[in-house]
Amino acid sequence: MSLTVSSLSPHPNRPIKSSISERSTTSPPFSSPSHLPMRKIPGDYGLPFIGPIRDRFAYFYTQGRDDFFRSRVNLYKSTVFRVNVPPGPFIASDPRVITLLDAASFPTLFDTSLVEKRDLFTGTFMPSTSLTGGHRILSYLDPSEPLHAPLKKLLFNLLSSRRHAVIPEFRRTFSSLFQTLETTLAADGKAEFGDANDNACFDFLGRALFDRDPKQTPLGSDGPKLIMKWVLIQLGPLLTLGLPNVLEDLLLHSFRLPAALVKKDYERLAAFFKESAGTVLDEAEEMGITRDEAVHNLLFATCFNAFGGMKILFPGLMKMLGRAGGKVHGKLAEEVRGVIGKGGGEVTMKGIEEMELVKSVVYEALRLEPPVPLQYGKAKRDMVVESHEAAYEVKAGEMLFGYQPFATKDPRVFERAEEFVAERFVGEKGEGLLKYVVWSNGPETETPTVGNKQCAGKDFVVLVARLFVVELFLRYDSFDIEVGTSPLGSSVKITSLKKASF
Ligand code: HEM
């Protein structure tokens with residue numbers, strides 16, 4: 001029996017498939033549905049303990065993430081291979097994965113009939129539930145678990161009931177962000193984007209989703225800093241902070257940082273949600289979710305999923321748009337102001353829908369630098385996974401892993417795959433490529449449901465990213481930046497903002 005993983009095919013005549021082998025007397029236990037040659041998965045895990053530590057050092061320090069994967073693709077002449085991924089000892093009990101690094105094999109990770117997504121949101125380890133109020137949060141639940149559907153439904157309802165607030169609250173918060181940046185730029189000649197963006201994102205989320213300005217609550221303006229400490233404790237095993245290598249490896253990647261370090265911070269965040277989310281909590285109770293479970297899930301969706309995602313996405317957009325240069329800026333400004341002028345000066349959903357280039361640059365940014373780049377799924381049964389060139393046997397219980405930028409920069413799908421091409425997704429041909437944009441843990445052409453693991457905030461994210469570009473080019477003809485690195489995403493300094501001249 002073979003199951004089509006999705007219709008994502010780089011070959012027009014050959015749908016990409018993963019097959020689940022049916023053991024019968026007439027067919028071999030594993031076979032390729034597309035008649036690609038069967039190949040043993042190359043790569044090895046090395047000696048216990050030593051292999052995982054060797055791979056961890058290569059991933060973080062001696063090679064770096066991109067080279068770590070690229071060099072192995074070259075070595076094995078395969079986009080599917082075995083390797084250990086961080087953190088390994090002593091945080092993850094089993095760091096062994098089968099890596100999928102092309103647009104053909106990667107979608108296997110989205111098919112919840114083929115892979116289990118239980119407790120692997122952060123990969124081969126799961127942060128302690130003491131960091132989430134004692135609950136296993138939605139992001140860690142497999143759709144087969146009873147709480148997955150009601151919790152995801154609760155978020156869908158929240159997002160849809162607050163739809164009307166998104167555009168006005170976004171415009172209010174982000175016009176104030178740009179005013180602050182202009183003032184800093186005038187005074188200092190440069191303006192750091194990151195911190196100001198963090199504040200704007202958290203204020204926006206509080207107002208847009210819960211009709212509450214966090215600054216008017218006991219949280220004051222502390223929200224972003226409390227969240228970042230809490231996120232760091234959870235994601236530390238996967239990050240580098242630029243400390244001396246051996247010290248950092250010992251501190252961040254070898255042992256868990258104690259949840260007690262952020263207990264007080266987390267309680268302050270939880271108090272905000274308890275106090276601000278009253279009507280959502282009532283609805284949760286009616287759906288059979290306890291108020292406590294709902295509070296911690298709302299906190300996680302807002303602070304980890306939404307804030308964490310926007311914190312990476314917006315600096316990434318600034319970086320890629322900044323580098324795209326004046327000609328692209330000019331075209332975006334013309335499009336944005338043209339549509340909004342025609343609509344009487346109002347920013348509306350309908351207007352944004354007409355902005356082909358704005359939509360395209362957002363997809364292009366999400367393609368080139370998906371903010372959540374690592375995906376995992378445990379094989380539910382024996383199956384065959386296909387790359388463009390070969391078919392590979394995967395056994396039940398093996399961990400599949402994908403580093404998404406390699407799948408979304410697959411040269412067999414995208415021309416000039418490594419480049420930011422602003423108009424890539426414009427027009428019919430461009431739209432045809434959207435199925436290969438998978439930042440949301442699923443194709444852009446598909447929809448999150450209570451039965452899958454696609455990002456619950458998919459439409460919200462695309463909307464706010466478009467609003468970000470709209471706000472930028474309503475205010476400015478062009479801008480310049482300097483780019484540095486940061487543990488999560490890009491660090492961007494603005495060096496000039498040329499005010500709108502038409
Ligand atoms: C730039 C922003 C965002 C990015 C890049 C992003 C990305 C993702 C990804 C990749 C996953 C799947 C992770 C996995 O299981 O491997 C996911 C799941 C999820 N996201 Fe997002 N997300 C963003 C914003 C949001 C927002 C705004 C919300 C809701 C308010 C949200 C709620 C969720 C939830 C609840 C899940 C788990 C879905 C499930 O269990 O079925 N995310 N997101």
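**Exercise 1. Decide whether Asp211 of this predicted model is buried or exposed, and describe its backbone.**

Solution.
- Start with the accessibility: the relative accessible area of Asp211 is 53%.
- The cut-off for exposed is over 50%, so Asp211 is exposed.
- Next, place the residue: Asp211 sits in the loop between α5 (193-210) and α6 (223-235).
- Finally, look at the backbone: Asp211 is not a glycine, yet its phi is positive, near 55 degrees.

**Exercise 2. Do the analysis again for Lys77: where does it lie, and is it buried or exposed?**

Solution.
- Lys77 belongs to the loop between α2 (65-76) and β3.
- Its relative accessibility is 63%, so Lys77 counts as exposed.
- For the backbone, phi of Lys77 is about 50 degrees, a positive value in a residue that is not a glycine.

**Exercise 3. Turn to Asp55: is this residue buried or exposed, and which residues does it contact?**

Solution.
- First find the element: Asp55 is part of helix α1 (residues 50-62).
- Buried means under 20% relative accessible area; Asp55 has 2% relative accessibility and therefore counts as buried.
- Now list the partners, setting aside neighbours within four places in sequence: Asp55 is in contact with Phe68, Arg72, Val83 and Asn84.

**Exercise 4. Find the cis peptide bonds that involve Pro87 and Phe90, and say which loop holds these residues.**

Solution.
- Pro86 and Pro87 are joined by a cis peptide bond, with omega about 10 degrees.
- Pro89 and Phe90 are also joined by a cis peptide bond, and here omega is about -5 degrees.
- For the location, Pro87 is in the loop between β3 (80-84) and β4 (96-100).
- Phe90 lies in the loop between β3 and β4 as well.

**Exercise 5. Which residues have the most contacts inside the largest nonpolar core, and which helix gives the largest share of it?**

Solution.
- The largest nonpolar core holds 120 residues, and those with the most contacts inside it are Phe204, Trp230, Phe314 and Phe468.
- Helix α10 (residues 291-324) gives the largest share of this core, with 18 residues.
- There is also a second, separate core of 20 residues, with Tyr61, Val73, Tyr76 and Val83 among its members.
- Val83 appeared earlier too, as a contact of Asp55.
- To zoom in on Phe204, leave out its neighbours within four places in sequence: its contacts include Val166, Phe170, Phe174, Leu209, Met310, Phe460 and Val464.
- Glu169 and Thr173 are also among the contacts of Phe204.

**Exercise 6. Describe the chain as a whole: why does its radius of gyration agree with that of a compact globule, and how many helices and strands does it have?**

Solution.
- A compact globule of 502 residues would have a radius of gyration near 23 Å; the chain has 23 Å, so the two agree.
- Along the principal axes, the C-alpha atoms fill a box of roughly 70 × 50 × 50 Å.
- The secondary structure consists of 16 helices and twelve strands.
- Of the 502 residues, 59% count as buried.
- Among contacts with a separation of 6 or more, 70% come from residues 24 or more positions apart.
- For the surface, the chain exposes about 20900 Å², of which carbon and sulfur atoms supply 55%.
- Last come the charges: there are 61 positive and 60 negative ones, and their mean positions are 2 Å apart.

Key. Residues numbered from 1 in each chain as written. Predicted model: local features only at pLDDT ≥ 70, side-chain atom pairs only at ≥ 80, totals over all residues. Heavy atoms only, no water. Helix = DSSP H or I, 4+ residues; strand = E, 2+ residues; numbered from the N terminus. Rg over C-alpha atoms; globule rule 2.2 N^0.38 Å. Buried < 20%, exposed > 50% of the residue type's maximum accessible area, 1.4 Å probe, protein only. Contact = heavy atoms within 4.5 Å. Areas by Shrake-Rupley, 256 points an atom, 1.4 Å probe, with all protein chains shown as cover. Lys, Arg positive; Asp, Glu negative; His and termini not counted. Charge placed at Lys NZ, Arg CZ, Asp CG, Glu CD. Core = buried A, V, L, I, M, F, W, Y, C linked by side-chain atoms within 4.5 Å.
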